[in-house]
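Reader: I've got a model open and would like to talk through it with you. Shall we take it piece by piece?

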Amino acid sequence: MTDSPTSNRKDDRLWGGRFEREPDKAFDAFQRSFSFDRRLLPYELAVDRAWARALQKVGILTEVEVHDTIKALEAIASELDDDPTFLDGSTAEDVHHFVESALVHDLGALGWKLHTGRSRNELVATDFRLFVMDAAASLQQQITKFLTVILEQANANFGLPMAGMTHMQHAQPILLSHFLLAHVEAFSRDVTRLQHAAESADACPMGSGALAGNSFGIDREGIARDLGFSRITANSLDAVGDRDFALDYLFALSGIATHLSRLAEDFVIFASQEFAYVILPDEYATGSSLMPQKKNPDSWELIRGKTGRIHGALLGLLTTMKGLPTSYQRDLQEDKEALFAAHDQIAAMLAIATGAVATTKFNGDRLRAAASNPVLFATEGADYLVHRGLPFRQAHDIIGKVLREAERQNKPWTQLSLEDVQKISPLFEKDFLSGLNVEKAIATKSVPGGTAADSVKLAIAALQERINMLHSSLQSRLQVKSGSEAQTSEAKLKVKTQTGE
Ligand code: ARG
């Protein structure tokens, strides 16, 4: 293509025939989607190639026509790969219009043949499904890297205790690694949700037409296979109006955002002077224009803050969908911008979180000091009495009285004398007070999933194994895909659409 093949002339539109007058200028701009759906161009081109081959099978295109059409489509693809800025000059209405205009510019009337028996309604649904499948795989890969970094911190700081909290009150000592693994668990559920969204997108609508199906006997299964889908959609009316896969994807993104936001909240609190559990890396903090001493956890605050727009994207699309009649409605055009933006934001949030976790230093002295506060062993005290046959509720009550006595004497309860505690219960023996320490409190939690060192070691090994498996399954999926140029071109296009052009 030498220059832009598109223009605003009526005869260049995909639908001008029955109209007498040009659309209102403001409305025309209002209804266009090329500024954002151009991001789907690599997928559109892949679908076009598959469609051309399918049209040949049913005798609509000759072998030569298919050859020429595919060559022209590939020329667009390679121009896209070289430098997507050539799209900037286009006045196409949408990505589908763009390709048709380019084909006509290149091939003359043959360019108009490709749209035989098909509709933009099924095209946009197909392109968008392919996008979601790739997007889900790329975030799965990013999360795998993130989890590896968290596990590295869990390994590097293994054995360091911290004060576990509920209600933001010191509760029981745990291992820092156990705390980190809690976050790993949450993010591994996100990997599963992304998988679910990809599976939900993995059905090919092509052959659904505008709403009713295809009258040329097109080979739907063949097109689906060609494009890497594992199945076809079941009902043409549903296929053009269904965006559940996009909602599933936005739900998965909302889950990631929620988990990142909770992790961010932990780190913001831990970086405060009151806690001082973590030392913020310079690379992921900022200063104050006024107060020279400040080092603020902006990386985590922004991650927490951006969660709002991710949830907003999910709620926005849910609201768009809720009143739609069956089949395609133009409202559905509103599905893309927010999803693209949410995807890009999550990718950025994960990248920053990965860097910030990797470079964060944990303040061992502060963590250990907080974990060693004797109030954290109160439950151990009650358990001691349970081991001597006392019902737990009574044991709880007795330790409560011991704590009250310590408060009266104004000293840590582990420093009470044996006589003092024996006055409260004769079940206390010599070994009692000396046996209360942070190591022991942690070591007793040796059930699977507990915070004892051996349990945490097993958990790390199990998670590492899961991450390795996920990594290799993603690698093989990406290898299968490497034949499709859609992915690499999509990555380049993203840069443009991110800015909302
Ligand atoms: N730009 C439209 C969208 O994103 C493509 C389908 C247009 N179909 C139509 N009948 N106007 O949904």
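Reader: Is Phe245 buried or exposed?
Author: Keep in mind that this is a predicted model. Buried here calls for under 20% relative accessible area. Phe245 comes out at 0%, so the label is buried.

Reader: Which residue forms an edge-to-face aromatic pair with Phe245?
Author: The two ring centres are 5.8 Å apart, and the planes make an angle of 75°. Edge-to-face needs planes over 60 degrees apart, so that angle fits. The partner also has 0% relative accessibility and counts as buried. It's Phe128.

Reader: How many residues apart in sequence are the parts that this pair ties together?
Author: Look at where the two rings come from: Phe128 lies in helix H6, while Phe245 lies in helix H10, residues 244-271. The pair therefore ties together parts of the chain whose separation in sequence is 117 residues.

Reader: Which residues form one aromatic cluster with Phe128 and Phe245?
Author: The structure holds 17 aromatic pairs, and the Phe128 and Phe245 pair is one of them. Those two belong to an aromatic cluster whose other members are Tyr43, Phe131 and Phe340.

Reader: Which residue has its charged end over the ring of Phe340?
Author: Phe340 is in that aromatic cluster, and a charge sits over its ring as well. The charged end is 4.9 Å from the ring centre, and it belongs to Arg39.

Reader: And over the face of Phe19, which residue lies there?
Author: Here the distance to the ring centre is 5.8 Å. The residue lying over that face is Arg18.

Reader: What about Phe428 and Phe432: at what angle are their planes?
Author: Both residues are buried, Phe428 with a relative accessible area of 1% and Phe432 also with 1%. Their ring centres are 4.4 Å apart. The pair counts as tilted because the planes are at 35°.

Reader: Let's move to the ligand. Which helix gives the most to the shell around the ligand?
Author: The residues around the ligand include Arg120, Asn121 and Val124. The top contributor gives three residues and runs over residues 120-156. That's helix H6.

Reader: How many charged residues does the shell around the ligand have?
Author: Among the residues around the ligand are Asp37, Asp94, Arg120, Arg330 and Lys336. By class, the shell has two nonpolar and four polar residues, and its charged residues number five.

Reader: Which residue has a polar side-chain atom 2.5 Å from an oxygen atom of the ligand?
Author: Let's go through the polar distances. Asn121 has a polar side-chain atom 3.0 Å from a ligand nitrogen, and an N or O atom in the side chain of Lys336 is 2.6 Å from a ligand oxygen. The 2.5 Å distance to an oxygen belongs to Tyr328.

Reader: What share of the ligand's accessible area does the protein cover?
Author: On its own, the ligand has 340 Å² of accessible area. Of that, the protein covers 86%.

Reader: Now the backbone. What is phi of His167?
Author: Most residues other than glycine have a negative phi. His167 sits in the loop between strand S1 and strand S2, and it is exposed because its relative accessibility is 74%. Its phi is positive, near 55°.

Reader: Where does Asn410 lie, given its positive phi?
Author: Asn410 has a phi of about 60° although it is not a glycine. At 70% relative accessibility, Asn410 counts as exposed. The residue lies in the loop between helix H15 (392-409) and helix H16 (418-424).

Reader: Asn296 is in a loop too, so is it buried or exposed?
Author: The loop runs between strand S3 and helix H11, and the side chains of Asn296 and Lys294 are joined by a polar contact of 3.4 Å. The limit for the label is under 20%. Asn296 has 17% relative accessibility, so the answer is buried.

Reader: How far apart are the C-alpha atoms of Asp226 and Ala50?
Author: Asp226 is in helix H8 and counts as partly exposed at 40% relative accessibility. Along the chain, Asp226 and Ala50 are 176 residues apart. Their C-alpha atoms are separated by 6.2 Å.

Definitions and conventions. Residues are numbered from 1 along each chain as its sequence is written. This is a predicted model: local features need pLDDT of at least 70, side-chain atom pairs count only at pLDDT 80 or more; totals for chains, interfaces and linings use all residues. Side-chain values use heavy atoms; hydrogens and water are left out. A residue is near a molecule or strand if one of its heavy atoms lies within 4 Å of it. A polar contact is a pair of N or O atoms within 3.5 Å; within protein, one must be able to donate a hydrogen and the other to accept it, and residues adjacent in sequence count only if both atoms are side-chain atoms. Accessible areas come from the Shrake-Rupley method with a 1.4 Å probe; for residues, only the protein chains shown count as cover. Helices (H or I, at least four residues) and strands (E, at least two) are DSSP runs, numbered from the N terminus. Ala, Val, Leu, Ile, Met, Phe, Trp, Tyr, Cys and Pro count as nonpolar, Asp, Glu, Lys and Arg as charged, and the others, Gly among them, as polar. Rings of Phe, Tyr and Trp (its six-membered ring) pair if their centres lie within 6.5 Å; planes under 30 degrees apart count as stacked, over 60 as edge-to-face and the rest as tilted. Buried means under 20% relative accessible area, exposed over 50%, partly exposed in between (1.4 Å probe, protein chains only). A charge sits over a ring if NZ of Lys or CZ of Arg is within 6 Å of the ring centre and within 35 degrees of the ring normal.
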